[in-house]
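Work through the exercises below with the sequence and the model side by side, and try each task before reading its solution.

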Amino acid sequence: MAGAKNHDYHILAPDIWPFIGSMSALLFLGGLVTWMHQDFFGDSLWHVITGLGFVGLIATFFAWFTNITKEAQRGDHTPVVQLHMRYGMILFIASEVMFFVGWFWSFFDFALFPSTLSEVVGGEFPPAGIEAVIDPFSLPLLNTIILLTSGTTVTWAHHSLIHGDREGLKKGLWLTILLGALFSCIQVYEYAHAPFDFGGNTYSSAFYMATGFHGFHVLVGTIFLAVCLFRTYKGHFTPRQHFGFEAAAWYWHFVDVVWLFLFIVVYVWGGWGAEIH
């Protein structure tokens with residue numbers, strides 16, 4: 001029959017949101033550029049441009065992800081489509097891995113070759129300006145236990161979903177979200193009481209950029225899982241079709257692994273031999 005679908009792929013209808021998203025990203029970036037050059041553009045223009053771009057991006061995320069959810073509920077996500085979505089998520093996580101590789105690279109460069117930056121760090125690492133570092137076996141160790149525990153609860157939720165246990169799915173998600181929120185709260189407290197400020201030397205800059213971006217990823221992952229919990233209560237996800245949850249679980253495990261490297265490299269090894277706060 002003419003016009004009948006005879007393949008397993010999902011052909012998307014024309015949509016305005018990719019265009020709105022790209023224009024919003026351009027506005028947001030343009031706002032950041034004007035903020036960096038306030039002496040030329042003025043000190044008020046960047047607020048408007050960045051605000052418009054940010055609102056447009058949030059609207060795009062909400063509308064586009066809503067459309068994807070509707071497609072999943074309609075059955076448009078066939079096994080072939082789900083496979084390709086998994087490929088996309090794998091590539092996204094791989095790009096995130098390389099993002100953190102950059103921060104680890106800079107940290108190792110500062111730590112292993114302090115003599116090349118003798119004018120900045122005094123030929124030692126942590127630099128002479130760092131009077132004390134955070135005790136890795138206090139709040140950082142507690143956060144490590146919390147995040148590893150959250151990895152087990154999200155796995156529990158995943159296995160519950162696969163075996164049709166909706167209550168186990170809800171409980172596992174609730175625990176994971178609460179543990180993620182607790183992690184973020186403890187990290188905020190740690191930053192507020194850290195013995196060194198952001199910037200000023202290589203150690204503090206690398207420390208806050210690496211751990212801070214990880215904290216941002218924890219926040220994004222918590223929101224990701226909260227959306228999955230909301231969808232669970234609406235009756236979404238089946239044992240055979242639950243890519244949205246699977247992607248959130250993969251992302252959360254990625255966050256766990258990055259934190260383990262941060263804990264070992266930045267907190268334990270990076271501050272070795274320095275005075276403990």
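The exercises that follow concern a predicted model, and each one is followed by a worked solution.

**Exercise 1. Find which residue spans UniProt lists under "transmembrane region", and describe the helix content of two of them.**

Solution. The unreviewed UniProt entry lists residues 12–33, 45–66, 87–108, 141–161, 173–194, 206–230 and 250–270 under this heading. Take residues 12–33 to begin with: in the model this span is 77% helix and 0% strand, and its end C-alpha atoms are 34 Å apart. Turn then to residues 45–66, where the chain is 100% helix and 0% strand, with 32 Å between the end C-alpha atoms.

**Exercise 2. Decide whether the end-to-end distance of α7 agrees or disagrees with its number of residues.**

Solution. Helix α7 has 27 residues, and because each is allotted 1.5 Å, the expected span is 39 Å. The end C-alpha atoms of α7 are 39 Å apart, so the two values agree. At the start of this helix, a side-chain oxygen of D165 comes to within 3.4 Å of the backbone nitrogen of E167.

**Exercise 3. Identify the residues with the most contacts to other members of the largest nonpolar core, and state which helices supply that core.**

Solution. The core holds 51 residues, and those that touch the most other members are L173, Y203, F207 and F245. At least two residues of this core come from each of α4 (79–112), α6 (139–162), α7 (166–192), α8 (202–233) and α9 (243–269). The largest contribution is that of α9, which gives 17 residues. Consider F245 next: leaving out residues up to four places away in sequence, F245 touches V154, A157, H158, L161, L169, L173, C228 and F237.

**Exercise 4. Is Y203 buried or exposed, and which residues does Y203 contact?**

Solution. Y203 is in helix α8. Its relative accessibility is 2%, and because buried means under 20%, Y203 counts as buried. Beyond its neighbours within four places in sequence, Y203 is in contact with F107, F125, P126, P127, I130, V133, F196, V266, G270 and G271. One of these partners, G270, is 67 residues away from Y203 in sequence, yet the C-alpha atoms of the two are 8.6 Å apart in space.

**Exercise 5. Trace the polar contacts made by the side chain of T144.**

Solution. Begin with the setting: T144 belongs to helix α6, and at a relative accessible area of 6% T144 is buried. The T144 side chain reaches the backbone oxygen of P140 at 2.8 Å, and also makes a polar contact of 2.8 Å with the side chain of W259. When residues up to four places away in sequence are set aside, T144 touches W259, L260 and F263.

**Exercise 6. Explain why the phi of F237 deserves a second look, and say where F237 lies.**

Solution. Most residues other than glycine have a negative phi. F237, by contrast, has a positive phi near 75 degrees. F237 lies in the loop between α8 and α9, where F237 is buried with a relative accessible area of 5%.

**Exercise 7. Compare the exposure of C185 and C228, and state how many disulfides the model contains.**

Solution. C185 counts as exposed, because its relative accessibility is 53% and the exposed class begins over 50%. C228 is buried, with a relative accessible area of 2%. For a disulfide, two cysteine sulfur atoms must lie within 2.5 Å, and by this rule the count is zero.

Technical notes. Residues are numbered from 1 along each chain as its sequence is written. This is a predicted model: local features need pLDDT of at least 70, side-chain atom pairs count only at pLDDT 80 or more; totals for chains, interfaces and linings use all residues. Side-chain values use heavy atoms; hydrogens and water are left out. UniProt positions are given in the numbering used here, feature names are shortened, and annotations may be inferred rather than shown by experiment. Helices (H or I, at least four residues) and strands (E, at least two) are DSSP runs, numbered from the N terminus. Buried means under 20% relative accessible area, exposed over 50%, partly exposed in between (1.4 Å probe, protein chains only). A nonpolar core is a set of buried Ala, Val, Leu, Ile, Met, Phe, Trp, Tyr and Cys residues joined through side-chain atoms within 4.5 Å. Contact means heavy atoms within 4.5 Å. The expected span of a helix is 1.5 Å times one less than its number of residues. A polar contact is a pair of N or O atoms within 3.5 Å; within protein, one must be able to donate a hydrogen and the other to accept it, and residues adjacent in sequence count only if both atoms are side-chain atoms.
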